[in-house]
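This briefing goes through one protein model, from its overall dimensions to the pairing of a few strands.

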Amino acid sequence: MTDELLDSTLAPVPTERRVVTAIPGPKSIALQARRQAAVSAGVSSALPVFIARAHGAILVDVDDNAFLDLGAGIGVTTIGHTDDHVVAAAQRQLAEVVHTLFTITPYEEYVRVAELLAEHTPGDFAKKTVLVNSGAEAVENGVKIARKYTGRGGVAVLEHAYHGRTNLTMAMNFKAMPYSLGYGPFAGDIYRAPNSYPLHDGLTGAEAAARTISYLEKTVGASDLACLVVEPIQGEGGFVVPAGGYLPALQAWCTANGIVFIADEIQSGMARTGRYFASEHFGLVPDLVLSAKGIAGGLPLAGVTGRAEIMDASQPGGLGGTFGGNPVACAAAIAVFDRIEQDGLLAEAGRIEGVLKPALLAMQAKYPIIAEVRGIGAMIAVELNDPSTGAPLADMPGKLAAFAAQQGVLILTAGTYGNVLRFLPSLAITDAQLADAMSVLDDAFASLSV
Ligand SMILES: *Cc1c(COP(=O)(O)O)cnc(C)c1O
């Protein structure tokens with residue numbers, strides 16, 4: 001199997017969707033039965049088709065169906081599945097050294113990733129990085145580092161936020177179901193403030209920021225807060241783009257009050273929105289930036305990057321972990337940065353927005369359940385609400401996604417009320433693939449929306 005995987009004569013992955021069985025097909029159904037017997041029911045799958053191969057924006061399942069992937073593993077394979085450059089870098093690194101544990105004997109790849117993050121995160125000041133394994137672990141470390149630096153305990157988060165599935169991050173999430181229900185007791189000293197959600201609150205950025213700040217000043221007090229953790233564009237919450245001026249006002253308040261401003265760029269970062277980090281669209285210069293998902297082309301890697309004086313407040317040995325900054329994951333991340341730089345991939349996000357937004361706005365004109373088309377770059381969503389009452393249409397995104405899956409198009413849902421369809425394709429997706437996916441989605445709306 002290993003030799004076969006490395007064999008360059010492996011049959012090429014198609015570039016168009018291809019549906020040859022019912023979805024899921026017979027081999028996926030058989031695997032699903034094995035999976036149900038062996039894998040915890042707490043681990044769910046949006047679409048139980050088992051994937052055997054992937055390249056670019058295409059997933060091929062065990063029944064030989066080819067799916068156009070508009071999810072990229074939730075914005076992880078941002079530069080494309082099995083990107084040749086990433087695969088070659090990871091294969092080379094696997095043969096050279098796979099593990100030493102950076103806290104025992106270091107290696108250059110970790111340092112290089114830290115240098116690249118310092119270079120590409122916003123802000124022109126000395127920065128340092130710690131590498132970890134997952135987004136939730138980056139959030140945990142960001143909070144730890146901010147607490148150590150400030151000597152304070154309080155953590156502020158926003159409504160509709162998502163930060164992970166560990167004990168601390170469960171308590172930072174907005175949604176209890178499915179993330180935290182029944183998993184308590186939870187971490188304390190976390191304060192959840194109203195966010196800016198222009199479609200629903202109708203507030204300007206300044207008004208929404210005043211509301212957030214006043215809420216935090218009343219319920220906790222600025223001087224007890226170590227940090228404010230925000231997603232510049234909320235991911236699981238439904239790609240909520242805050243009103244102009246909202247985030248800079250929050251950052252100014254943090255700076256004035258000695259609160260570490262942490263941007264959770266785990267979903268919005270690494271070229272997804274056409275900049276390295278979405279913070280740049282809002283003129284934000286966070287004290288700490290959290291990256292994960294798209295950073296290493298599919299390999300598990302995450303990081304906390306920020307002001308040197310904050311990052312260096314931790315005692316030696318206080319940060320780290322066995323697998324954090326694994327050499328193979330770091331080699332893949334270096335290849336991702338190379339690809340973005342050398343091949344001008346930041347521009348691809350704008351190209352994708354230029355295809356998706358007009359197509360979705362045309363659908364909005366036809367289907368009044370589309371309350372809003374929003375997002376930046378390759379991070380676009382539609383929110384579906386009842387046109388007469390404004391009530392969220394919680395079931396509709398799932399039905400539309402199921403329709404699209406039958407046609408070989410993988411689309412993800414999101415939103416606190418489950419009423420959002422989100423598009424976060426890889427930057428490798430072609431205009432023709434996007435247009436094809438949009439025509440399938442149009443058919444889905446035509447057959448399902450009343
Ligand atoms: C996915 C995500 C996380 C958690 O990352 P994991 O790698 O799944 O632990 C945290 N924050 C945001 C914004 C995310 O999208």
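What follows covers the whole chain, then its surface and charges, then a set of paired strands.

The model is predicted, not experimental. The protein has 450 residues, of which 52% count as buried. Its secondary structure comprises 15 helices and 15 strands. The radius of gyration is 22 Å, close to the 22 Å from the globule rule for 450 residues, so the protein is as compact as a globular protein of that length.

**Dimensions and contacts**

- The C-alpha trace spans about 60 × 60 × 45 Å along the principal axes of the protein.
- Among contacts with a separation of 6 or more, 73% are between residues 24 or more positions apart.

**Surface and charge**

- The protein has an accessible surface of about 18,200 Å², and carbon and sulfur atoms contribute 56% of that area.
- There are 30 positive and 45 negative charges, and the mean positions of the two sets lie 4 Å apart.

**Strands β1 and β2**

- Strand β1 covers residues 51–55 and strand β2 covers residues 58–61; the two are antiparallel and share four bridges.
- Two residues separate β1 from β2 in a hairpin.
- Gly-56, in the turn of this hairpin, has a positive phi of about 60 degrees.
- His-55 has Ile-58 of β2 as its bridge partner.

**Strands β2 and β3**

- β2 also pairs with β3, in the antiparallel sense, through three bridges.
- Ile-58 stands opposite Leu-68 of β3, in addition to being the bridge partner of His-55.
- The hairpin of β2 and β3 has four residues between the strands, and Asp-64 takes a positive phi near 75 degrees there.

**Strand β3 and its second partner**

- Strand β3 runs over residues 66–69 and is covered on both faces.
- In a regular strand, side chains alternate between the two faces of the sheet.
- Ala-66 and Leu-68 are buried on one side of β3, and Phe-67 and Asp-69 are buried on the other.
- Strand β13, residues 409–410, pairs with β3 in the parallel sense over two bridges.
- Asp-69 has Leu-410 of β13 as its bridge partner, and Asp-69 is also one of the buried residues of β3.
- Strand β3 thus has an antiparallel pairing with β2 and a parallel pairing with β13.

Definitions and conventions: Residues are numbered from 1 along each chain as its sequence is written. This is a predicted model: local features need pLDDT of at least 70, side-chain atom pairs count only at pLDDT 80 or more; totals for chains, interfaces and linings use all residues. Side-chain values use heavy atoms; hydrogens and water are left out. The radius of gyration is taken over C-alpha atoms; the globule rule is 2.2 Å times the number of residues to the power 0.38. Buried means under 20% relative accessible area, exposed over 50%, partly exposed in between (1.4 Å probe, protein chains only). Contact means heavy atoms within 4.5 Å. Accessible areas come from the Shrake-Rupley method with a 1.4 Å probe; for residues, only the protein chains shown count as cover. Lys and Arg count as positive and Asp and Glu as negative; His and the chain ends are not counted. The place of a charge is taken as NZ of Lys, CZ of Arg, CG of Asp or CD of Glu. Two strands pair if DSSP finds at least two bridges between them.
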